[in-house]
Amino acid sequence: MPQSPASVVLDEWQRLEAPAEARLRGLNFEDRAIERASRSLTEHGFLRIQENRHGLSIQARQHVGVVQVGPLQIIVRPKLPPRDLWHILMYGLGLDTVERQLPVDIKLPEAEFVDLLALALLAEADTLWRRGLRRGYQSRNEWLASPRGRIDMARLAAAAPLTEAALPCRHHVLSMDTLENQVVRAGLALASRMAHSLSVRAALVQAERRWGEVCGQVPLNGARLRQVERARNRLTSAYAPAHRLVALLHEGLALPDTLEDIAPGKATIPGFLWNMALLFERFVTRFLQEHLREEEVSSQTSLHGLYRVVQPSSGIGVPLPRPDMLVRRNKKVVAVLDTKYRDLAARGITREILYQMSVYAVAYAGGQEAAPVPAIALYPRETSHEDIIYAFRHGLHGGESPIILRAVDWAEASRALRAQASQADLQRIARSWVRS
């Protein structure tokens, strides 16, 4: 898709500024639309937008997608090629139970991430349609010439004398106008407004119209997504991937101020920005859980007992550090893993990351004779880089625990999965990520 005069394109973590970037010249916070959007995006960590004397400077972070800042459209592209990103999405989000190939006839624009999510939702919706949509019983209160169900005696008495040959009935009908189907339709409508490829958008509009023939329109919001998640059972489990994609599209709405009801046809979306750090964590976690044979990998385990409140005795909580993964061998923790979506070799480690990894290291320091448990920060990098190792000292005269910064090539792992590499090769990749 050709780049419009009012748009700029960045890669993840890239920086553009005026006057080097001509499209940013002359733009400033005197434009209230630019000032409001820039402040919100910067405060919430999506982008860093600042003024300089020539115009604007923009620093991309780990969020990818597209957002409108006043008259300027900002596009942040993933570093991964579309085909690698497609398979990483399918695997990381658990949508690869049926092999899905990236449609070769789709020409993706610069903002391909939202289009990939939209294509995945379209594929899931088509699968559900072919299998047959779920029906459910819907309650009806209506006047019928041929009575069904139970006659509503209270309404009948209030309506006397009768003016027509009908009775008020309470009954149930088997219908496809269920919450599960309504959420998929609302997701297709949302995706059609967010997609950039005209062919993707046209396919989504056509699919949404088809679903509109069997279920009604509902506003899409967090409460409804939580409701459909709580109501899921074995009869509706087939809808889980599609609902997960709808939730991801909803979460990616760029400005927190817009995370309210998204009414059908209401153009209130300033853009879509999605945190690639979440995808990296999900991909790495699943890959290790499936391909480490001698170890057990648990995710998001809180470290209880690391802190306690001495005074006052109640009413104040304690922080619960929670690393992304714990690796156990024979029920003993042998490594603490945390994913960092930042090139630590090129950009360096921040104090916050180092302090966080130090807490994980000391949590499993053990006694004097116990082997130290390494705290390993995994970060994405396409080219190999040797480990960067810090030693965390347990006091001035205590032992030491290693803090390891390790680059992983998740695109290589994805290609190995796609090529159906042997279990030995996949295990070798997994072990290289967690070795001490």
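Colleague: Let's start with a strand pair. How many bridges join strand β5 to β10, and in which sense do they run?

Modeller: Five bridges join β5 (residues 63-69) to β10, and the two run antiparallel. Two strands pair if DSSP finds at least two bridges between them. Strands are DSSP runs of E with at least two residues, helices are runs of H or I with at least four, and both are numbered from the N terminus. In this pair, Val67 stands opposite Gly271 in β10.

Colleague: Before we go on, what sort of model is this?

Modeller: This is a predicted model: local features need pLDDT of at least 70, side-chain atom pairs count only at pLDDT 80 or more, and totals for chains, interfaces and linings use all residues. Residues are numbered from 1 along each chain as its sequence is written, and side-chain values use heavy atoms, with hydrogens and water left out.

Colleague: Back to the sheet. What is its strand order, and which strands stand at the edges?

Modeller: Four strands make an open sheet, ordered β1-β6-β5-β10, with mixed pairing. β1 (7-11) and β10 (271-275) are the edge strands; each has a single partner, so one side of each lacks a neighbour in the sheet. From one strand to the next, the twist averages 15°. Angles run from 0 to 180 degrees between N-to-C directions, with axes as lines fitted to C-alpha atoms, for helices over the stretch in contact.

Colleague: Which strands does helix α1 touch?

Modeller: Helix α1 (residues 32-43) packs on the sheet, touching β5 and β10 (contact means heavy atoms within 4.5 Å), and its direction makes about 160° with that of β5. Helix α9 (residues 276-291) also touches β5 and β10, at about 40° to the direction of β10.

Colleague: How do I read two packed helices?

Modeller: Packed helices are described by the angle between their axes and the distance between the axes. Here, the axes of α3 (residues 112-131) and α6 (residues 198-212) come within 10 Å and cross at roughly 35°. The crossing is left-handed, meaning that the near helix is turned anticlockwise from the far one by less than a right angle (clockwise would be right-handed). Residues in the contact include Leu119 and Leu122 of α3, and Ala203 and Leu204 of α6. The contact divides into 11 nonpolar, no polar and three charged residues. Nonpolar covers Ala, Val, Leu, Ile, Met, Phe, Trp, Tyr, Cys and Pro, charged covers Asp, Glu, Lys and Arg, and the others, Gly among them, are polar.

Colleague: And the six-stranded sheet: in what order do its strands come?

Modeller: That open sheet runs β11-β12-β13-β14-β16-β15, with mixed pairing. β12 (residues 325-329) and β13 (residues 332-339) run antiparallel, joined by five bridges. β13 and β14 run parallel over four bridges, and β14 also pairs in the parallel sense with β16 (residues 400-408), over six bridges.

Colleague: Which way do side chains point along a strand?

Modeller: In a regular strand they alternate between the two faces of the sheet. In β14, Ala375, Ala377 and Tyr379 point one way and Ile376, Leu378 and Pro380 the other, and all are buried. Buried means under 20% relative accessible area, exposed over 50%, partly exposed in between (1.4 Å probe, protein chains only).

Colleague: Last one: how many disulfides does a search of the whole structure find?

Modeller: Zero, where a disulfide is a pair of cysteine sulfur atoms within 2.5 Å. Cys169 is buried at 0% relative accessible area, and Cys215 is buried at 4%.
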